[in-house]
Amino acid sequence: MLLSSTARLAARRVVSTAAFRSSARTATTRSAASADSRSSIMPLAVVAAAGGLALGASRMREEEKTQCLFGTGSNTEAIEEKFATYWPRNIMILFGPPGAGKGTHGPKIEDMLGIVQLSTGDMLRAAVSAKTEVGLKAAAVMKAGGLVSDDIVVGIIRDRIKEPDCKFGFILDGFPRTLVQSQALDKMLADEGACVTKVISLDIPDEVLEERICGRWIHKKSGRSYHVKFAPPKAMKLDNNGNPVLESMKDNETGEPLMQRPDDTPAALVKRLQSYHGETVPILNHYKPNGIVAAVNANQGMDGVWGEILKALKRSAQ
Ligand code: AP5
């Protein structure tokens, strides 16, 4: 009885946090919540696992069970702490070329599993906006569609995954992007006895990507992403040539102006795709022998892509 009410409470927290997050994404994680609210998310897996443990302990007396599972405080924080300390982290890579849908579907995985999405692209863009040392180094390379140096991005990720909101796991979006980065990731995870648990590969032909990338508009503060054709903002108006009227490109939630990324141009896309095929795709072969790579057809409507992602996330799909 105690377990089920605790589980219900935890599940409610997941749902309400997810609802909050869908209206307030941060720029540095492409996710929806502040770091504080995210750190209090308990993944549904934890709730379910707590249920499994309780069944296994069915011979214990009721109060012994309570002590074993929750300590004397019988609260969700105690369960969180237990799972954060003794269970492996769920470490996922969302893989795919520019425009494949990593930023579109990552937040949904985040909401469903309650683990945070870490976008190196968003982190670097935040550093560029804030004119930090890293940002000053990265700005020109990013605008031209090149790759920022391995040292910089590895350093960013190394620090970020130590944050409390990563304690149950995290979704990497845009990292690793080179074999050097994947080896550095494996090494930093191995240091804690962990490893990458799933790679979701969003597969899509290059020809489709220019339309997706060049039609994308974003709300800078929240990271919300729109598309003139596939996901237009509510206020969008078209001129006589069928192009969007700049003043009408407003965020659905805040009414604030949308913008286009400086690297979302046909010229920069050519370079981004070159580095994707030359340096990033080999990462798939690096992880395939572990049986953790799941391919998703990203060249279909968003609902179809999401359906395949859900299947790929299941353990049986490995
Ligand atoms: P980053 O921000 O990671 O960009 P990217 O990988 O090029 O990915 P995108 O954000 O462009 O694509 P996405 O897959 O998220 O597409 P989205 O879902 O928005 O990196 C930017 C730069 O930072 C790099 O070029 C590099 O310089 C640097 N960098 C970052 N990480 C680095 C690293 N590890 N090492 C070195 N340098 C690094 O979708 C696109 C559009 O399509 C949207 O408008 C969306 O509405 C639409 N759309 C999505 N899905 C569908 C669908 N199924 N049907 C129709 N439309 C769709």
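Of the 318 residues in the protein chain, 37% count as buried. The structure described here is a predicted model. The protein chain contains 14 helices and seven strands. Among contacts in the protein chain with a separation of 6 or more, 72% are between residues 24 or more positions apart.

The surroundings of the ligand were examined next. The ligand is surrounded by 34 residues, of which P98, G103, T120, G121 and G174 are the closest. By class, this shell consists of 13 nonpolar, 15 polar and six charged residues. At least two residues of the shell are supplied by each of α6, α7 (120-129), α8 (133-143), β6 (225-227) and α14.

Two of these elements, α6 and α14, also pack against each other. The axes of α6 (residues 102-113) and α14 (residues 302-313) approach within 11 Å and cross at roughly 45 degrees. An angle of 35 degrees or more but below 65 degrees falls in the oblique class, and α6 and α14 are therefore oblique to each other. Their crossing is right-handed. On the α6 side the contact involves T104, H105, K108 and I109, which meet M302, V305, W306 and I309 of α14. Five of the residues in the contact of α6 with α14 are nonpolar, two are polar and one is charged.

A second helix pair is formed by α9 (residues 150-160) and α10, whose axes lie 10 Å apart and which pack at an angle of about 30 degrees. Because angles under 35 degrees count as roughly parallel, α9 and α10 are assigned to that class. The crossing of α9 and α10 is right-handed. From α9, the residues D150, V153, V154 and R158 take part in the contact, and from α10 the residues V180, Q181, A184 and M188. The contact of α9 with α10 comprises five nonpolar, one polar and two charged residues.

The loop between β3 (169-173) and α10 (179-190) holds R177. The same loop between β3 and α10 also holds P176. The peptide bond from F175 to P176 is cis, with omega near 0 degrees. In general, most peptide bonds are trans. R177 has 21 other C-beta atoms within 10 Å and is therefore buried, since a residue counts as buried when 20 or more such atoms lie within that distance. Apart from its neighbours within four places in sequence, R177 is in contact with L147, E279 and T280. R177 and T120 are 57 residues apart along the chain, and their C-alpha atoms are separated by 9.9 Å. T120 is also one of the residues closest to the ligand.

Another loop, between α7 and α8, contains K131. The phi angle of K131 is near 55 degrees, a positive value in a residue other than glycine. Most residues other than glycine have a negative phi. K131 has 10 C-beta neighbours inside 10 Å and therefore counts as exposed, the cut-off for this class being 12 or fewer. The two loop residues are thus assigned to separate classes, with R177 buried and K131 exposed.

Technical notes. Residues are numbered from 1 along each chain as its sequence is written. This is a predicted model: local features need pLDDT of at least 70, side-chain atom pairs count only at pLDDT 80 or more; totals for chains, interfaces and linings use all residues. Axes are lines fitted to C-alpha atoms, for helices over the stretch in contact, and angles run from 0 to 180 degrees between N-to-C directions. Helices (H or I, at least four residues) and strands (E, at least two) are DSSP runs, numbered from the N terminus. Angles under 35 degrees count as roughly parallel, over 145 as roughly antiparallel, 65 to 115 as roughly perpendicular and the rest as oblique. A crossing is left-handed if the near helix is turned anticlockwise from the far one by less than a right angle, and right-handed if clockwise. Two residues are in contact if their C-beta atoms, placed from the backbone, lie within 7 Å. Ala, Val, Leu, Ile, Met, Phe, Trp, Tyr, Cys and Pro count as nonpolar, Asp, Glu, Lys and Arg as charged, and the others, Gly among them, as polar. A residue is near a molecule or strand if its C-beta atom, placed from the backbone, lies within 6 Å of it.
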